[in-house]
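Student: I'm new to this one. Could you walk me through it and tell me how each label is earned?

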Amino acid sequence: MSHPASTSIVVDGVSKYFTMRYQRTLKQMTVAAVKGREISDTFKALDDVSFTVEQGESIGLMGLNGSGKSTLLKLVNGVMRPDGGSVLTRGRIAGLIATGAGFHPQLTGRENVYLNAAILGMSEAETRRKFDEIVEFADIGRFLETPVGNYSSGMFARLGFSVAVHVDSDIFLADEVLAVGDRPFKKKCQQRMQEVRAEGRTLFYVSHAAGSVRKMCDRVIVLEKGRVGYDGDVAEGIKYLKYDPDDDSTPEVDEDDDLGADI
Amino acid sequence: MAESLTPEESGERDQRLVDAPLVSPAPPAGLREVFRRRYLLRLLVRREVSARYQGSVLGMMWSYINPMSQLFIYWVVMGMIIGRGTENFGIHVFCGLIVVHFFIETFGAGTRSIMRNKALVRKMAMPREMFPVASMLVSLYHMGPQLLILIVCCLFMGWTPTVVGMLGFLLAVLTMGTLGTALALTFAAANVFFRDVGSVVSILTNFIRFGVPMIYPFTLVQERFGAAAAYYLYNPIADAVLLMQQAFWVGTTDDPTAVQAHHIPDHLFAYSFLGLGISFVALAIGQFVFSKLENKIPERLT
């Protein structure tokens with residue numbers, strides 16, 4: 001199968017299974033086997049998911065909890081490999097998975113920035129050049145030299161987002177990034193993500209917040225129990241999910257909705 | 001420019017043509033990839049060096065206290081209480097202990113490495129062979145000062161390095177590094193699925209300590225088993241210990257030529273190269289097992 005040069009992400013018939021283990025020890029397994037009970041069961045997190053994304057598109061990935069959003073993101077990010085089908089991407093990928101970066105809790109903020117950037121494929125010189133910018137954006141002040149295990153969840157998320165967004169990537173993945181930040185930081189994040197979008201990077205944005213998806217994305221994919229339930233226009237997608245704010249909702253809720261605070 | 005962007009304006013955006021092929025986002029795995037990304041490996045090694053004894057007051061010192069205490073025990077129990085009169089018994093034990101300790105550290109820390117770095121493994125796409133390899137390099141780094149102590153002691157006792165001895169020493173380190181990484185790869189992946197593996201490793205470690213001619217001379221093995229002692233030499237770790245003794249201990253004795261003839265088995269290099277070959281085969285198997293299990297690692301890390 002061939003794709004035009006403008007294709008950014010191809011997800012083709014992707015399935016992913018997880019094994020659920022009921023019995024863990026040898027004794028439990030023997031007892032279960034004797035009684036004829038199941039020892040393990042598989043769970044289909046993604047079931048024949050297919051779509052393609054053009055370079056520069058921004059996709060809002062939506063769906064209820066447990067519908068497979070994070071799993072899909074992990075497959076696109078390359079942390080996991082699909083059990084069936086294939087995932088193909090073009091260019092460098094950066095982003096956050098499951099509200100946060102892969103930070104090592106025992107390392108300081110500074111060390112984590114370097115490590116994280118290196119994993120994302122940045123060289124030492126590149127990291128050093130962008131280091132101040134990253135730190136300034138994350139705004140963690142003197143906590144830079146303390147282990148990130150001691151960070152508040154907000155600081156943790158800020159630093160993670162900052163590293164990911166400053167990597168010169170072609171695809172940017174964001175999983176509920178705005179969930180833990182405070183209001184000023186959310187504003188900053190949104191602005192930065194709009195910049196990312198304007199630079200022509202592919203944006204893959206997971207959110208429950210209809211408002212921010214509406215602002216940020218030009219296409220919505222809704223996952224339902226591991227299958228693609230809807231793929232297309234943003235407004236339609238939000239309606240499909242019944243995430244449209246009710247008429248009787250207060251303005252304040254609406255505003256929060258815009259910023260993605262409803263998680 | 002970008003600062004002033006409002007949602008309405010953001011419709012217009014740059015066309016970005018990415019000059020890269022469509023490929024699987026999962027990074028190419030394998031040991032070759034690990035050495036291609038040396039910068040990342042260096043960062044991980046530096047991290048490990050500072051984190052291995054994190055939160056302890058003595059820190060890095062434990063890397064020396066641990067082998068030193070073992071040396072002390074072996075020296076007192078085997079050298080002074082049981083005492084068979086091996087010349088310079090302390091050196092005899094110590095030069096073996098250095099490679100054995102290197103091997104055990106690689107094996108043990110490597111086995112735990114994936115679990116210990118689960119925060120990274122679960123969220124970042126990277127070749128996961130990085131972690132066991134980094135553990136090996138950290139153990140190698142810790143070997144340095146021990147070696148320095150050994151060399152100072154040996155020089156004090158009139159030792160002069162020989163070319164053959166030093167080549168043997170390098171061969172011993174290479175073999176132990178390879179075999180240690182091979183086992184670490186296999187056990188690190190298995191450890192994610194069954195935590196029992198960690199306990200198995202500590203049992204194996206005990207066998208390793210006593211299965212090599214470190215706290216007893218090889219001559220004792222020959223006396224007890226005669227021709228069957230040759231099978232003992234098929235153990236690459238035993239060869240590595242003998243190579244170390246040839247490199248350091250022999251030179252400290254009063255009559256090195258006699259000691260060499262009496263204590264160091266013939267064809268030691270032949271056995272050692274065989275051991276190196278075995279280690280590389282083990283490494284290939286370890287890599288194979290690792291890549292088979294790797295796919296399920298992120299979801300099993302809890």
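Tutor: Sure. Keep in mind that this is a predicted model. Let's start where the chains meet: the contact takes 35 residues from chain B and 44 residues from chain A.

Student: Which elements of chain B each supply at least two residues of the side that touches chain A?

Tutor: There we find β1 (22-23), α2 (38-51), α5 (118-123) and α14 (297-300) of chain B. The largest share comes from α2(B), with five residues.

Student: What is the make-up of that side of chain B by class?

Tutor: It has 22 nonpolar, six polar and seven charged residues. Glycine goes with the polar ones in this count.

Student: How do you know that strand β4 of chain A pairs with β1(B)?

Tutor: The cut-off is at least two bridges between the strands. Two bridges join β4 (residues 84-90) of chain A to β1(B), so the pair meets that cut-off. The two strands run antiparallel, and Arg90(A) stands opposite Leu22(B) in β1(B).

Student: Now chain A by itself. How many helices and strands does its secondary structure come to?

Tutor: Nine helices and nine strands.

Student: What makes a residue of chain A count as buried?

Tutor: It needs 20 or more other C-beta atoms within 10 Å of its own. Of the 263 residues in chain A, 48% are buried. As for contacts between residues at least 6 apart in sequence, 72% join residues at least 24 apart.

Student: Why are β5 and β9 of chain A said to stand at the edges?

Tutor: Look at the strand order of the open sheet: β5-β6-β7-β3-β8-β9 in chain A, with mixed pairing. β5 (93-96) and β9 (227-232) each have a single partner strand, so one side of each is left without a neighbour in the sheet. Neighbouring strands here are turned by 15° against each other on average, direction ignored.

Student: And how do you know that β5(A) and β6(A) are paired?

Tutor: Same test: at least two bridges are needed. β5(A) and β6 (residues 171-175) of chain A have four, in the parallel sense, so they count as a pair. Ala94(A) stands opposite Phe172(A) in β6(A).

Student: Which helix lies across β5 and β6 of chain A?

Tutor: That's α5 (residues 153-166) of chain A, running at about 165° to β5(A). Another helix, α6 (residues 183-198) of chain A, lies across β3 (58-63), β6 and β7 (202-206) of chain A, at about 145° to β7(A).

Note on methods. Residues are numbered from 1 along each chain as its sequence is written. Chains are lettered from A and ligands numbered from 1 in the order in which they are written. This is a predicted model: local features need pLDDT of at least 70, side-chain atom pairs count only at pLDDT 80 or more; totals for chains, interfaces and linings use all residues. Two residues are in contact if their C-beta atoms, placed from the backbone, lie within 7 Å. A residue is buried if 20 or more other C-beta atoms lie within 10 Å of its own, exposed if 12 or fewer, and partly exposed in between; C-beta atoms are placed from the backbone. Axes are lines fitted to C-alpha atoms, for helices over the stretch in contact, and angles run from 0 to 180 degrees between N-to-C directions.
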